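Opening the notebook on this one. I wanted to look up a pocket first, then the aromatic rings.

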Amino acid sequence: MKVKIYTDGAARGNPNGPGGYGTILEYTDSKGELHTKELSQGYRQTTNNRMELMAVIAGLEALNRSCEVELYSDSQYVVNAFNQHWVDGWIKKGWKRGRNEPVKNIDLWKRLLEAKKPHKVTFIWVKGHDGHPQNERCDTLATTAADGEELIDDHVDDAH
């Protein structure tokens with residue numbers, strides 16, 4: 001089955017303030033009918049990059065069988081990690097980068113690698129705020145999530 005996943009994380013301009021992510025799955029069933037599933041989550045005390053990772057993870061974990069996935073994100077952090085093989089390099093270096101600087105968000109990168117395993121995923125960068133309708137839908141969903149009451153504390157420890 002082919003699935004398109006559109007994601008967006010939104011920190012509302014304040015990395016330590018309220019934020020949220022939006023994830024939209026689109027797929028066509030065996031009858032040729034288009035289906036959409038929306039996932040969203042409110043956050044507080046987190047960073048843009050963690051929200052972008054959670055948006056991608058939520059989409060991949062929502063798939064209950066192996067799929068061919070086109071994953072659209074406006075996060076160069078996420079897309080380049082795969083398209084430019086940063087993740088492979090980080091793993092080979094023992095999750096270090098540059099001059100032995102630790103890679104941030106290792107917990108979420110490991111979870112994302114697990115969620116990605118059963119699928120064939122193509123990561124596609126959609127420049128944010130350029131009027132791309134799917135990006136705008138995700139941005140709206142992420143903002144709605146940020147305004148919602150369903151919040152998760154995600155205290156970031158920069159030491160890891």
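**Pocket, then rings**

I looked up the second largest pocket and listed its lining: K2, V3, K4, E26, Y27, T28, L34, E68, V69, E70, K120 and T122. Worth jotting down that this is a predicted model.

Next I checked which elements give two or more residues to that lining, and got β1 (2-10), β2 (19-28), β4 (68-73) and β7 (120-125). Sorted by class, the lining comes out as six charged, four nonpolar and two polar residues. For the space in the second largest pocket I have about 200 Å³.

On to the rings. How many aromatic pairs does the structure hold? I get six.

I pulled up F82 and W109: the pair is tilted, with 55° between the planes and 6.1 Å centre to centre. F82 sits in helix α2 (residues 76-83) and W109 in helix α4 (residues 106-116), so this pair ties together parts 27 residues apart in sequence.

Buried or exposed, I asked of W109? It has 0% relative accessibility, so I put it down as buried. F82 has 14% relative accessibility and also counts as buried, since the cut-off is under 20%.

Then I tried F82 with F123. Their ring centres are 4.3 Å apart and the planes are at 0°, so I noted the pair as stacked. This one links distant parts of the chain, with F82 in helix α2 and F123 in strand β7, 41 residues apart. F123 is buried at 5% relative accessibility.

Last entry: I followed the ring pairs and they link Y77, F82, W86, W90, W109 and F123 into a cluster.

Notes:
Residues are numbered from 1 along each chain as its sequence is written. This is a predicted model: local features need pLDDT of at least 70, side-chain atom pairs count only at pLDDT 80 or more; totals for chains, interfaces and linings use all residues. Side-chain values use heavy atoms; hydrogens and water are left out. On a 1 Å grid over the protein atoms alone, a cavity is a set of points where a 1.4 Å probe fits but cannot get out, and a pocket is an open set with protein on both sides within 12 Å along at least five of seven lines; lining residues have an atom within 4 Å of a point. Grid points are joined across faces, edges and corners, and a volume is the space filled by probe spheres set on the points. Helices (H or I, at least four residues) and strands (E, at least two) are DSSP runs, numbered from the N terminus. Ala, Val, Leu, Ile, Met, Phe, Trp, Tyr, Cys and Pro count as nonpolar, Asp, Glu, Lys and Arg as charged, and the others, Gly among them, as polar. Rings of Phe, Tyr and Trp (its six-membered ring) pair if their centres lie within 6.5 Å; planes under 30 degrees apart count as stacked, over 60 as edge-to-face and the rest as tilted. Buried means under 20% relative accessible area, exposed over 50%, partly exposed in between (1.4 Å probe, protein chains only).
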